[in-house]
Amino acid sequence: MDASAAVQPGRQWAEQAYEAIAPVYDDFTAHHNYELWLGELLPELRRHGLQGDRLLDVGCGTGKSFLPMLERGWEVTACDLSPSMLELARAKSGDAVQLAVADMRELPEFGKFDLVWALDDAVNYLLGTEELGNALSGMRANLAPGGLLMFDVNTLFAYRSFFAETQRVERNGRCLLWRGQGSSDAPPGSISEARFEVEPAAGEAAPVQTHVHRQRHFPEAEVLKQLEGAGLECLDVFGHGFDAVLKQPVEELDHTKAVYMARLAE
Ligand SMILES: C[S@@+](CC[C@H](N)C(=O)[O-])C[C@H]1O[C@@H](n2cnc3c(N)ncnc32)[C@H](O)[C@@H]1O
């Protein structure tokens with residue numbers, strides 16, 4: 001890895017990656033369809049007794065994961081490691097959402113929430129099981145009695161494909177390049193990297209510095225152990241592919257994501 005991709009002293013990998021990608025994040029993920037995804041997930045949460053209207057969105061990024069809930073009349077508090085991602089979330093939501101810079105490994109108690117979630121593989125930026133356990137404990141501390149927790153993690157299939165290949169997205173005359181550095185046989189629990197770079201539009205200065213995204217795969221057994229250790233009871237685990245249709249059990253080599261739903265353990 002060359003010096004331009006090395007982590008700057010005092011900054012976390014994930015913070016550095018999202019500070020860098022923020023200006024083009026929404027362009028790069030324009031195809032992520034939250035209505036489709038939440039259309040599958042919300043009925044399952046309701047089946048597990050989802051009530052109330054207070055959401056804490058952990059790792060909210062530019063707000064794509066909380067905007068559909070704001071539109072449904074929920075009261076939203078949201079946090080992220082990256083101030084630049086939060087600025088974009090603020091531009092979309094104004095004063096309607098309480099936004100804070102926070103690291104999910106040391107999550108403050110923002111209040112008591114009916115639903116706490118961390119969506120679109122935010123949790124995979126934690127690079128070890130202890131970090132995952134700390135994040136889950138922090139999310140637990142923000143749950144109201146009867147509240148529900150939901151998060152997704154990328155499967156092995158995602159690391160063996162998206163993190164092992166190059167994706168090109170053309171937007172506004174720019175080419176956004178995700179260059180997976182991983183392996184098509186990445187083992188369970190391994191860390192994969194991708195380099196992100198932008199070929200600017202004609203006559204434009206580079207809008208984004210080349211940088212690295214680093215994620216860890218979390219096998220189901222590890223996640224279940226950390227949930228239990230954090231005082232949470234796992235209610236359901238679903239796998240799904242690009243169509244977002246929920247399936248059980250999770251197929252690590254077929255589905256792209258695994259979604260966990262949990263509540264306070266009794
Ligand atoms: C793939 S984006 C998803 C953003 C948003 N949830 C969505 O669905 O569009 C992952 C987000 O997780 C955030 N993140 C990564 N590690 C984090 C940490 N330790 N604490 C808080 N946020 C973190 C990143 O800054 C980034 O905004």
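This is a short conversation about a ligand and its surroundings in a predicted model.

Visitor: Where should I start, and which residues come nearest to the ligand?

Guide: Start with the shell of residues around the ligand. Here that shell has 22 residues, and Tyr34, Gly59, Asp80, Met104 and Leu119 come nearest.

Visitor: How many residues of each class does the shell have?

Guide: Sorting a shell by class gives a first idea of its character. This one has 12 nonpolar, four polar and six charged residues.

Visitor: Which helix gives the largest share of the shell?

Guide: That is helix α1, residues 13–28, which supplies three residues.

Visitor: How do I read the polar pairs, and what lies 2.4 Å from an oxygen atom of the ligand?

Guide: Look for N or O atoms within 3.5 Å of each other. In this model, a side-chain N or O atom of Tyr34 is 2.4 Å from a ligand oxygen. The side chain of Asp80 also has an N or O atom 2.6 Å from an oxygen of the ligand. With Leu119 the backbone takes part: one of its N or O atoms lies 2.9 Å from a ligand nitrogen.

Visitor: How much of the ligand's area does the protein bury?

Guide: Compare the ligand alone with the ligand in place. Alone, the ligand exposes 600 Å², and the protein buries 99% of that. The space taken by the ligand is the second largest pocket.

Visitor: Now for a single residue: why is Ser82 called buried?

Guide: Buried means under 20% relative accessible area. Ser82 is called buried because its value is 0%. Ser82 belongs to the loop between β2 (75–80) and α4 (83–93), and its side chain makes a polar contact of 2.6 Å with the side chain of Glu19.

How values were computed: Residues numbered from 1 in each chain as written. Predicted model: local features only at pLDDT ≥ 70, side-chain atom pairs only at ≥ 80, totals over all residues. Heavy atoms only, no water. Near = heavy atom within 4 Å. Polar contact = N/O pair within 3.5 Å; in protein donor to acceptor, adjacent residues only side chain to side chain. Areas by Shrake-Rupley, 256 points an atom, 1.4 Å probe, with all protein chains shown as cover. 1 Å grid on protein atoms, 1.4 Å probe; cavity = no way out; pocket = protein on both sides within 12 Å on 5 of 7 lines; lining within 4 Å. Sits in = over half its atoms within 2 Å of the grid points. Helix = DSSP H or I, 4+ residues; strand = E, 2+ residues; numbered from the N terminus. Nonpolar A, V, L, I, M, F, W, Y, C, P; charged D, E, K, R; others polar. Buried < 20%, exposed > 50% of the residue type's maximum accessible area, 1.4 Å probe, protein only.
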